[in-house]
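Colleague: I have a structure open and would like to learn how to read its features. Could we go through a few of them?

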Amino acid sequence: MARSIEIALVILLLVQGVLTVLTWMLNPIIVTHQTLAAGYIASSLIILSLITYVYYRGEEYDQEWIAAGIGMIVLILLLTYLKGGVV
């Protein structure tokens, strides 16, 4: 079980890296890019809080919180993509 959470955290770190690069490449003047940046930053902060939670709790973390966090990340990215359009 601990191995699967480590894989999930590595995937979250990779997603956070991609979101950071995408945020860096956006033009802050265009309104749609501002919307995309807000969604990317919100998702990145949730990823950071999930990783901190898992490493703070050790083996005693609740899987429900991890699932809820991943669901929020997917929801934010989906809504951001639908609102902001394709980069």
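Colleague: Which residues form a nonpolar patch on the surface?

Modeller: Patches are made of residues with over 30% relative accessible area and no salt bridge, a side-chain nitrogen of Lys or Arg within 4 Å of a carboxyl oxygen of Asp or Glu; nonpolar side chains (Val, Leu, Ile, Met, Phe, Trp, Tyr) are joined within 5 Å and like charges within 9 Å. Here M72, L75, L78, L79, Y81 and L82 form one, with about 610 Å² of accessible area together (Shrake-Rupley method, 1.4 Å probe, only the protein chains shown counting as cover). This is a predicted model, in which local features need pLDDT of at least 70, side-chain atom pairs count only at pLDDT 80 or more, and totals for chains, interfaces and linings use all residues. Residues are numbered from 1 along each chain as its sequence is written, and side-chain values use heavy atoms, with hydrogens and water left out.

Colleague: What is the mean pLDDT of the protein?

Modeller: pLDDT is the predictor's confidence in each residue, from 0 to 100. The mean is 84, and 93% of the residues reach 70 or more.

Colleague: Is H33 buried or exposed?

Modeller: Buried means under 20% relative accessible area, exposed over 50%, partly exposed in between (1.4 Å probe, protein chains only). H33 counts as buried because its relative accessible area is 17%, whereas L78 is partly exposed at 46%. H33 is found in helix 2, a DSSP run of H or I with at least four residues, numbered from the N terminus.

Colleague: Which residues does H33 touch, not counting residues up to four places away in sequence?

Modeller: Contact means heavy atoms within 4.5 Å. H33 touches L26 and N27 on that count.

Notes. Helix = DSSP H or I, 4+ residues; strand = E, 2+ residues; numbered from the N terminus.
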